[in-house]
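The exercises that follow ask you to read a protein model step by step, with the sequence and the structure side by side. Try each task before you turn to its worked solution.

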Amino acid sequence: MSEENKEKILKAFGKRAQRCFGCFVAYHFKDMYLGEDASYFCENCKDESMFHFDDFSKLLDISKLRESKGTHNLD
Ligand SMILES: [Zn+2]
């Protein structure tokens with residue numbers, strides 16, 4: 001997979017909506033923090049143990065994301 005496609009996939013993945021487990025406001029993944037047990041929190045609810053999207057997205061197996069199925073649709 002090319003670097004360009006990886007970037008596209010992560011960008012699309014970052015646009016998925018997710019509710020904060022703390023305050024239940026909906027955010028995009030790219031603005032969220034990952035806690036233990038795959039819980040997601042917004043900037044207001046995060047604590048120091050959580051990873052920002054930019055960090056945890058680097059650890060993901062991108063090929064397993066549904067966004068990787070059709071990179072031609074991601075522009
Ligand atoms: Zn929150």
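**Exercise 1. Place F53 in the chain, and decide whether F53 is buried or exposed.**

Solution. Begin with the position along the chain: F53 belongs to helix 2, which covers residues 53-59. Keep in mind that the model is predicted. Next, count the neighbours: there are 21 C-beta neighbours inside 10 Å of F53, and because a residue with 20 or more of them is called buried, F53 counts as buried. Then look at the contacts, leaving aside residues up to four places away in sequence: F53 touches G14, F29, K30, D31 and M32. Finally, compare sequence and space for one pair, F53 and N5, which are 48 residues apart in sequence, while their C-alpha atoms are 18 Å apart.

**Exercise 2. Describe the overall layout of the protein chain: which elements does it have, and in what order do they run?**

Solution. The first step is to list the elements, which are two helices and five strands. The second step is to follow them from the N terminus, where the order reads α-β-β-β-β-β-α. For the dimensions, take the C-alpha trace, which spans about 35 × 20 × 15 Å along its principal axes. Of the 75 residues in the chain, 13% are buried. Among contacts with a separation of 6 or more, 29% join residues that are 24 or more positions apart.

**Exercise 3. Work out how the strands of the open sheet are arranged, and which of them are edge strands.**

Solution. A general point helps at the start: strands of a sheet pair through backbone hydrogen bonds, and the pairing may be parallel or antiparallel. Here three strands form an open sheet in the order 4-3-5, with antiparallel pairing. The edge strands are strand 4 (40-41) and strand 5 (51-52), each of which pairs on one side only. Now examine one pairing in detail: strand 3, residues 33-34, is joined to strand 5 by two bridges in the antiparallel sense. Within this pairing, L34 has F51 of strand 5 as its bridge partner. To close, consider Y33, which touches F41, K46, M50, F51 and H52 when residues up to four places away in sequence are not counted.

**Exercise 4. Find the buried residues of helix 1, and explain why they are on the same side of the helix.**

Solution. In helix 1, which comprises residues 3-13, the buried residues are I9, L10 and F13. They lie on the same side of helix 1 because the arc they cover around the axis is only 95 degrees. The next step is to ask what they face, and the answer is that the buried residues of helix 1 pack against helix 2. For contrast, take K8, which is also found in helix 1. K8 has 18 other C-beta atoms within 10 Å and is therefore partly exposed. K8 and F21 are 13 residues apart in sequence, and their C-alpha atoms are 27 Å apart in space.

**Exercise 5. List the residues of the largest nonpolar core, and then examine K30, a residue that touches F53.**

Solution. In soluble globular proteins, nonpolar side chains tend to be buried together. The largest nonpolar core of this model has six residues, namely C20, M32, Y33, L34, Y40 and F53. Turning to K30, we find it in the loop between strand 2 and strand 3. K30 counts as partly exposed, because it has 15 C-beta neighbours inside 10 Å. Apart from residues up to four places away in sequence, K30 touches G14 and F53.

**Exercise 6. Examine D37 and A38: in which loop do they lie, and what is the sign of phi in each?**

Solution. Start with the location: D37 lies in the loop between strand 3 and strand 4, and A38 is found in that loop between strand 3 and strand 4 as well. Most residues other than glycine have a negative phi. In D37, however, phi is positive, near 60 degrees, and in A38 phi is also positive, near 55 degrees. For exposure, count again: D37 is exposed because 6 other C-beta atoms lie within 10 Å, and A38 is exposed because 8 other C-beta atoms lie within 10 Å.

**Exercise 7. State how confident the prediction is, and where confidence is lowest and highest.**

Solution. The mean pLDDT of the protein chain is 92, and 93% of the residues reach 70 or more. Confidence is lowest in helix 2, with a mean of 91, and highest in strand 2 (residues 26-28), at 97.

Note on methods: Residues are numbered from 1 along each chain as its sequence is written. This is a predicted model: local features need pLDDT of at least 70, side-chain atom pairs count only at pLDDT 80 or more; totals for chains, interfaces and linings use all residues. Helices (H or I, at least four residues) and strands (E, at least two) are DSSP runs, numbered from the N terminus. A residue is buried if 20 or more other C-beta atoms lie within 10 Å of its own, exposed if 12 or fewer, and partly exposed in between; C-beta atoms are placed from the backbone. Two residues are in contact if their C-beta atoms, placed from the backbone, lie within 7 Å. Two strands pair if DSSP finds at least two bridges between them. The arc is that of the directions from the helix axis to the C-beta atoms. A nonpolar core is a set of buried Ala, Val, Leu, Ile, Met, Phe, Trp, Tyr and Cys residues joined through C-beta atoms within 7 Å. pLDDT is the predictor's confidence in each residue, from 0 to 100.
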